[in-house]
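User: I am new to this structure and would like a close look at one part of it. Please start where a small molecule would be held, and then lead me on to a few other places.

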Amino acid sequence: MGWLNSLQRRTPLGWLQLSRHKGRLLVALSGIAFADLLMFMQLGFQESLYESNTQIRAALDADLILASPKAETTQKLSTFSRRRLYQAQDVPGVASARALYSNNINWNHPETNEEASLQVMGFDPDYPAFNLPEMNAQLYRVKIPDVMLFDRLARGDYQQTIAQIENQQWVSTEAEGRTLSVRGVFSLGASFGADGLLVTSSQNFLQLFPRRDPGSVSIGLLHVEPGYDPEQVAQALQDHLPDDVEAMTLDDFIQDELEQIQTESPIGFIFTIGAAMAFVVGVVIVYQVLSTDVNAHIKEYATFKAMGYRHSYLLTIVIEESLIMAFLGFIPGLLLPMGIYQVAANATALPIYMTLNRAATVLAMTIIMCLFSGAIATRKLQSADPADMF
Amino acid sequence: MPSPQPVIAIHNLGHAFGRGEQRKQVLFDIALNIKAGEIVLMTGPSGSGKTTLLTLIGGLRHVQSGSLKFLGQELCGATAEDLVQARRQTGYIFQAHNLHESLTARQNVRMGLEVHPQYSVEKMSMLAAEMLDLVGLGERLDHYPDQLSGGQKQRVAIARALVSRPKLLLADEPTAALDSKTGRDVVTLMQHLAQNQGCTILLVTHDSRILDIADRIVHMEDGVLKHNTPANAVH
Ligand SMILES: Nc1ncnc2c1ncn2[C@@H]1O[C@H](COP(=O)(O)OP(=O)(O)O)[C@@H](O)[C@H]1O
Ligand SMILES: [Mg+2]
């Protein structure tokens with residue numbers, strides 16, 4: 001209660017000093033808003049890139065996933081025994097369990113003949129593996145040997161190829177010593193590890209990779225019977241099946257990949273550097289303003305000391321200023337990026353938007369940024385010595 | 001009439017700046033007693049050590065040698081916290097007004113009270129306004145320093161120094177930045193207010209026109225304090 005009382009008695013010097021010099025305050029606030037904007041852009045693009053790279057998993061048509069515990073990203077899935085899928089069907093609540101085969105493939109670009117790295121996935125075309133109506137409407141075609149469907153949003157110069165396919169002029173190319181025929185396109189998007197996705201039937205897949213054991217599947221796609229809680233069924237599966245396979249909900253499977261990319265990809269590092277630089281820019285600007293302010297008031301501060309104020313009183317003035325600047329600067333620093341996200345989302349087709357989490361993160365960083373600058377600026381207070389000033 | 005306890009009792013006080021080769025003694029064997037309610041003026045050439053003595057008395061500097069008692073408390077060997085407490089009992093007026101430029105006259109005066117926990121918010125506001133009224137600035141409570149003249153600013157500084165009714169007022173050339181008429185008015189005001197509060201004054205000045213307010217004048221010369229010039233001997 002004592003501190004509350006003294007807080008109430010206290011002259012709000014930090015606020016009075018800042019608000020008396022509107023120009024200086026405006027500079028500080030624009031600096032903070034600018035740093036926040038940079039942080040929001042870095043973090044926003046980072047997250048949207050991460051998100052765009054989980055699109056394959058996010059497009060899967062399943063309630064639960066079985067995968068090898070050794071699975072990493074979608075490009076490094078490892079395999080587990082197909083028997084686990086049969087065993088999974090014994091668990092109450094499991095409606096169906098089907099295999100998805102996945103592998104990386106180098107194919108020759110249909111026009112340029114250059115090698116490109118793609119991902120191939122094979123599954124039973126009678127039971128769609130993806131929630132992509134455009135793909136599913138064309139799945140009957142992959143029942144023909146060596147026929148594939150291709151991702152129209154694949155990275156690379158495929159415009160002409162895709163235009164041809166859309167006009168039903170099938171495109172052929174070489175891969176793994178076979179001649180493949182691409183007879184349809186769908187929209188998904190490239191990812192870190194692969195330029196794009198090819199889908200086909202399990203049979204075509206296994207013919208493409210003759211050394212691949214049909215009993216080793218990459219992902220199990222499970223559906224849950226109505227009225228069952230996927231989380232509980234996942235737990236039951238985990239208890240029922242041996243440790244060479246993991247059961248999880250689709251959301252967990254997506255989250256898993258997000259974490260893989262975040263920890264492993266160099267992109268995350270680059271964005272972190274970007275955000276850190278924004279932070280440093282903010283620290284420098286806020287420090288400039290705060291140290292100018294301390295210098296401008298050093299005589300007044302020395303006078304306060306001569307009146308019997310302790311050094312800690314002067315510290316609270318600087319801390320108060322830091323916090324005021326953090327919160328005031330954060331307001332434009334939050335609103336501005338929301339507008340820019342909108343523009344960027346329209347321009348890049350990336351899923352970029354403000355999240356509560358990110359806003360809280362940047363607010364916390366803004367507070368730390370300002371307090372850090374304030375802490376450095378308080379060193380200048382040492383010279384506020386009434387004995388040597390007058 | 002029994003003589004009251006002296007507000008300031010100094011004897012054998014010395015002070016030096018620097019160390020080793022650089023060491024320079026600026027105060028030598030100072031002795032000075034000031035009784036409650038007395039007005040003492042200190043004169044002396046520039047660099048003779050007047051400010052140094054004032055900062056020692058005001059608790060702005062650590063006392064190195066000898067004895068300096070303020071209200072009976074020895075400041076030689078005092079802790080930093082003791083000095084803070086001593087500062088709170090002393091009003092200090094500097095050559096420059098040193099008002100806070102972001103605070104109004106009233107807020108500046110209020111700062112002289114905020115350091116004393118016993119005053120409530122309402123009381124501080126009221127006392128600050130009353131004090132400004134006493135120095136003739138009752139109409140200018142909400143003016144900022146840059147809206148006031150030099151004399152008005154120094155009067156705000158006096159209000160700030162006296163609002164908490166300190167036992168001692170230290171003033172270091174308070175008229176140096178003012179023209180002689182304004183300076184005279186400011187000092188007279190200071191004298192009246194302090195006397196009404198029973199406040200003791202030690203005032204450093206070069207201004208010969210204000211010597212008449214003194215009960216006693218002491219003279220500093222090369223760090224040595226010459227005593228007991230009767231105030232009327234100057235005239
Ligand atoms: N902080 C300091 N460090 C070193 N020497 C000082 C310091 N302050 C004052 N002095 C010296 O002490 C002497 C007395 O100074 P001061 O007390 O300010 O004199 P006055 O106020 O009488 O003009 C001067 O020679 C001055 O140069
Ligand atoms: Mg001096």
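Analyst: Let's begin with a single contact: an oxygen atom of ligand 1 is 2.5 Å from an N or O atom in the side chain of B:Thr52. That is a polar contact (a pair of N or O atoms within 3.5 Å; within protein, one must be able to donate a hydrogen and the other to accept it, and residues adjacent in sequence count only if both atoms are side-chain atoms). The model is predicted, with local features needing pLDDT of at least 70 and side-chain atom pairs pLDDT 80 or more, while totals for chains, interfaces and linings use all residues, and side-chain values rest on heavy atoms, with hydrogens and water left out. Residues are numbered from 1 along each chain as its sequence is written, and chains are lettered from A and ligands numbered from 1 in the order in which they are written.

Two further contacts belong to the same picture. B:Lys50 has a side-chain N or O atom 2.9 Å from an oxygen atom of ligand 1, and a polar backbone atom of B:Ser48 is 3.2 Å from a ligand 1 oxygen. Of the 560 Å² of accessible area that ligand 1 has on its own, the protein covers 64% (areas by the Shrake-Rupley method with a 1.4 Å probe; for residues, only the protein chains shown count as cover). Two elements of chain B give two or more residues to the shell, strand S2 (24-34) and helix H1 (50-57). Helices (H or I, at least four residues) and strands (E, at least two) are DSSP runs, numbered from the N terminus. H1(B) gives the most, with three residues.

Where does ligand 1 lie? Ligand 1 sits between chains A and B. The residues around ligand 1 (those with a heavy atom within 4 Å of it) include A:Asp388 from chain A and, from chain B, B:Phe17, B:Lys24, B:Val26 and B:Pro45. The stretch from B:Ser46 through B:Gly47, B:Ser48, B:Gly49, B:Lys50 and B:Thr51 to B:Thr52 is also in the shell. By kind, the shell divides into three nonpolar, six polar and three charged residues (nonpolar: Ala, Val, Leu, Ile, Met, Phe, Trp, Tyr, Cys and Pro; charged: Asp, Glu, Lys and Arg; polar: the others, Gly among them).

How confident is the prediction for chain B? Its mean pLDDT is 91, and 95% of its residues reach 70 or more (pLDDT is the predictor's confidence in each residue, from 0 to 100). Within chain B, confidence is lowest in strand S10 (residues 224-230), at a mean of 74, and highest in helix H3 (residues 105-114), at 96. The model as a whole scores ipTM 0.93 and pTM 0.76.

Strand S2 of chain B, met above, also holds B:Asp29. Phi of B:Asp29 is near 45°, a positive value in a residue other than glycine, and B:Asp29 is exposed, with a relative accessible area of 55% (buried means under 20%, exposed over 50%, partly exposed in between; 1.4 Å probe, protein chains only). In chain B's strand S6 (residues 90-93) you will find B:Thr90, which counts as buried because its relative accessibility is 8%. The side chain of B:Thr90 reaches the backbone oxygen of B:Ala86 at 3.0 Å.

Now to chain A. A:Asp146, in the loop between helix H6 (133-136) and strand S5 (147-151), has a phi near 65°, again positive in a residue other than glycine. At 16% relative accessibility, A:Asp146 counts as buried. A:Arg379 is in the loop between helix H14 (356-377) and helix H15 (386-389), and counts as exposed because its relative accessibility is 63%. A:Arg379 and A:Val294 are 85 residues apart in sequence, yet 9.7 Å apart in space, C-alpha to C-alpha.

Finally, look along helix H7 (residues 159-166) of chain A, whose buried residues are A:Thr161, A:Ile162 and A:Ile165. They cover an arc of only 95° around the axis, so they are on the same side of H7(A) (the arc is that of the directions from the helix axis to the C-beta atoms). A:Gln159 and A:Gln160 are exposed on the other side of H7(A). An α-helix has 3.6 residues a turn, so residues three or four places apart point the same way.
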